[in-house]
Amino acid sequence: QVQLVESGGGLVQAGGSLRLSCAASGRTFSNYNMGWFRQAPGKEREFIASISKSGGITNYAGSVKGRFTISRDNAKNTVYLHMNTLKPEDTAVYLCAADGGPSSAYYLARSQTYDYWGQGTQVTVSS
């Protein structure tokens, strides 16, 4: 089992920045690809970004490319999501997820790929 705990969410004005963290425990963190997703009320869960086990391969949704950056620190068992130039439409619960399979960008963009999920952290962007 892998336990994931997100933190860093909050209320921010449009144009502002936040850094989300996801701390993992329970298994060897470097054996897992990591992803960030978000879910707004009444909407489906949306892929945001993924990062491979070593951190060498990253992938982003078009809606956040150039504004968000995913990174990981395997020594700290933590994955991060740096969010800049936030917009009201970025408002959602942000969830991190872990997957122990191959580091395929295609599959890592699909929520069904992931084996473990955190509880999420709320991000609210005011206009």
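**Exercise 1. A charge over a ring**

Over the ring of which residue does the charged end of Arg72 sit?

*Solution.* The structure is a predicted model, and every value worked out here is computed from that model. In the model, the ring in question belongs to Phe29, and the charged end of Arg72 is placed 4.3 Å from the centre of that ring. A second arrangement of this kind involves Arg45, which lies over the face of Trp117 at 4.5 Å from the ring centre.

**Exercise 2. The salt-bridge network**

Find how many salt bridges the structure holds, and work out which residues they join into one network.

*Solution.* Side chains of opposite charge can pair when their charged atoms come close. The structure holds three salt bridges, and these can be taken one after another.

Step 1. Begin with Arg38, whose side chain meets that of Glu46 in a salt bridge with an N to O distance of 2.8 Å. The two partners differ in their exposure to solvent: Arg38 has a relative accessible area of 6% and is therefore buried, since the limit for that class is under 20%, whereas Glu46, with a relative accessible area of 30%, is partly exposed.

Step 2. Arg38 also forms a salt bridge with Asp90, and here the closest N and O atoms are 2.8 Å apart. Because Asp90 lies in the loop between β8 (78-83) and β9 (92-99) while Arg38 belongs to strand β4 (residues 33-39), this pair ties together parts that are 52 residues apart in sequence. Both Asp90 and Arg38 are buried.

Step 3. Turn next to Arg67, whose side chain meets that of Asp90 in a salt bridge, again described by an N to O distance of 2.8 Å. Arg67 is found in the loop between β6 (58-60) and β7 (68-73), and Asp90 in the loop between β8 and β9, so that this pair ties together parts that are 23 residues apart in sequence. Arg67 is buried, with a relative accessible area of 10%, and Asp90 counts as buried at 1% relative accessibility.

Step 4. Finally, look for shared partners: through them, the salt bridges join Arg38, Glu46, Arg67 and Asp90 into one network.

**Exercise 3. Aromatic pairs**

Classify the pair of Tyr32 and Tyr116 by the angle between their planes, and then examine the pair of Phe37 and Tyr114.

*Solution.* A search of the whole structure finds six aromatic pairs, and two of them are treated here.

Step 1. The ring centres of Tyr32 and Tyr116 are 6.2 Å apart and the planes stand at 75 degrees, and because planes over 60 degrees apart count as edge-to-face, the pair is assigned to that class. Tyr32 lies in the loop between β3 (18-25) and β4, and Tyr116 in strand β10 (residues 116-117), so the pair ties together parts that are 84 residues apart in sequence. Tyr32 and Tyr116 are both buried.

Step 2. Phe37 and Tyr114 likewise form an edge-to-face aromatic pair, with 5.3 Å from centre to centre and 80 degrees between the planes. This pair links distant parts of the chain, Phe37 being in strand β4 and Tyr114 in the loop between α1 (105-108) and β10, 77 residues apart. Phe37 counts as buried at 1% relative accessibility, and Tyr114 is buried with a relative accessible area of 6%.

Step 3. To place this second pair in its wider setting, note that Phe37, Phe47, Tyr114 and Trp117 form one aromatic cluster.

**Exercise 4. The disulfide**

Identify the cysteines joined by a disulfide, and describe the link between them.

*Solution.* The count comes to one disulfide.

Step 1. The disulfide joins Cys22 to Cys96, with an S to S distance of 1.9 Å. The link of Cys22 and Cys96 is right-handed, with 50 degrees about the S-S bond.

Step 2. Cys22 is in strand β3 and Cys96 in strand β9, 74 residues apart, and the pair thus links distant parts of the chain.

Step 3. Cys22 is buried, with a relative accessible area of 0%, and Cys96 is buried with a relative accessible area of 0%.

**Exercise 5. The surroundings of Ser50**

Is Ser50 buried or exposed, and which residues is Ser50 in contact with, leaving aside its neighbours within four places in sequence?

*Solution.* Ser50 has its place in strand β5 (residues 46-51), and at 2% relative accessibility Ser50 counts as buried. With those sequence neighbours left aside, Ser50 is in contact with Met34, Gly35, Ile57, Thr58, Asn59, Ile70, Leu108 and Tyr114.

How values were computed:
Residues are numbered from 1 along each chain as its sequence is written. This is a predicted model: local features need pLDDT of at least 70, side-chain atom pairs count only at pLDDT 80 or more; totals for chains, interfaces and linings use all residues. Side-chain values use heavy atoms; hydrogens and water are left out. A salt bridge is a side-chain nitrogen of Lys or Arg within 4 Å of a carboxyl oxygen of Asp or Glu. Buried means under 20% relative accessible area, exposed over 50%, partly exposed in between (1.4 Å probe, protein chains only). Helices (H or I, at least four residues) and strands (E, at least two) are DSSP runs, numbered from the N terminus. Rings of Phe, Tyr and Trp (its six-membered ring) pair if their centres lie within 6.5 Å; planes under 30 degrees apart count as stacked, over 60 as edge-to-face and the rest as tilted. A charge sits over a ring if NZ of Lys or CZ of Arg is within 6 Å of the ring centre and within 35 degrees of the ring normal. A disulfide is a pair of cysteine sulfur atoms within 2.5 Å. Contact means heavy atoms within 4.5 Å.
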